[in-house]
Amino acid sequence: PIRCEYEYTSQLSTDTSHKKRLAVTCTKATPTTPSRMLRYQLFSSLALALIAIWIYMLQNINDIISYLPVAPGYVEESEYKLIITYAPAEVIMSLGIWAATQVIYGVYLCKNCPNAAEELDLHVKVAKKELLKRGINVE
């Protein structure tokens, strides 16, 4: 994109005529990154919104429970209060279980790479030789 700046000047000369000048300066605009939220900003705003909802639910817990079905033998009113009160801990535990499951699944699917191991060994040997040339013993 090209950005142009315009400057219009008018001067009164001695013979009562006007000198008008239009100066145009165009430069190539540097590309800017689109204004996107960074990952930490996204997660922080999401966490803040969820915390605000949780605080609202804690402040109005009795009104919320009055709308929920309470039947003998199923969920009692005190159980709803426990669920709402400990919701953040439940969410954190669920995310921890999900993360651990993802790590275990990734390790399970990880394949052995003999070529990569040989290449890594070669890099280590070259680095050791370079360090020995500089007088550093790494054995």
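The predicted model of the protein has an average pLDDT of 81, and 78% of the residues score at least 70. Confidence varies between the elements of the protein: the highest mean pLDDT, 93, belongs to helix H1 (residues 39–59), and the lowest, 65, to strand E1 (residues 2–12). Where pLDDT is low, the predicted coordinates should not be read in detail.

The secondary structure consists of five helices and two strands. Along the sequence these elements follow the pattern β-β-α-α-α-α-α, so the two strands precede the five helices. Of the 139 residues in the protein, 5% are buried. The exposed surface comes to about 13,000 Å², of which 63% is supplied by carbon and sulfur atoms. Among contacts in the protein with a separation of 6 or more, 27% are accounted for by residues 24 or more positions apart.

The packing of two helices was examined next. Two packed helices are described by the angle between their axes and the distance between the axes. For helix H3 (residues 77–85) and helix H4 (residues 87–109), the angle is about 60° and the axes lie 5 Å apart. H3 and H4 are therefore oblique to each other, because an angle of 65 to 115 degrees would be needed to count as roughly perpendicular, and one under 35 to count as roughly parallel. On the H3 side, the contact is made by Leu82, Ile83, Ile84 and Thr85, and on the H4 side by Ala87, Pro88 and Glu90. By class, this contact of H3 with H4 comprises five nonpolar residues, one polar residue and one charged residue.

Pro88, one of the H4 residues in that contact, can also be placed relative to helix H1. Leu50 is located in helix H1. The C-alpha atoms of Leu50 and Pro88 are 8.9 Å apart in space, although the two residues are 38 residues apart in sequence. Leu50 has a relative accessibility of 49% and therefore counts as partly exposed, since only values over 50% count as exposed.

Glu76 lies in the loop between helix H2 (61–67) and H3. With a relative accessibility of 35%, Glu76 also counts as partly exposed, because the value falls between the limits of 20% for buried and 50% for exposed. When residues up to four places away in sequence are not counted, Glu76 touches Val70 and Ala71. Between Glu76 and Ile65, which are 11 residues apart along the chain, the C-alpha separation is 9.8 Å.

Note on methods:
Residues are numbered from 1 along each chain as its sequence is written. This is a predicted model: local features need pLDDT of at least 70, side-chain atom pairs count only at pLDDT 80 or more; totals for chains, interfaces and linings use all residues. Side-chain values use heavy atoms; hydrogens and water are left out. Axes are lines fitted to C-alpha atoms, for helices over the stretch in contact, and angles run from 0 to 180 degrees between N-to-C directions. Helices (H or I, at least four residues) and strands (E, at least two) are DSSP runs, numbered from the N terminus. Angles under 35 degrees count as roughly parallel, over 145 as roughly antiparallel, 65 to 115 as roughly perpendicular and the rest as oblique. Contact means heavy atoms within 4.5 Å. Ala, Val, Leu, Ile, Met, Phe, Trp, Tyr, Cys and Pro count as nonpolar, Asp, Glu, Lys and Arg as charged, and the others, Gly among them, as polar. Buried means under 20% relative accessible area, exposed over 50%, partly exposed in between (1.4 Å probe, protein chains only). Accessible areas come from the Shrake-Rupley method with a 1.4 Å probe; for residues, only the protein chains shown count as cover. pLDDT is the predictor's confidence in each residue, from 0 to 100.
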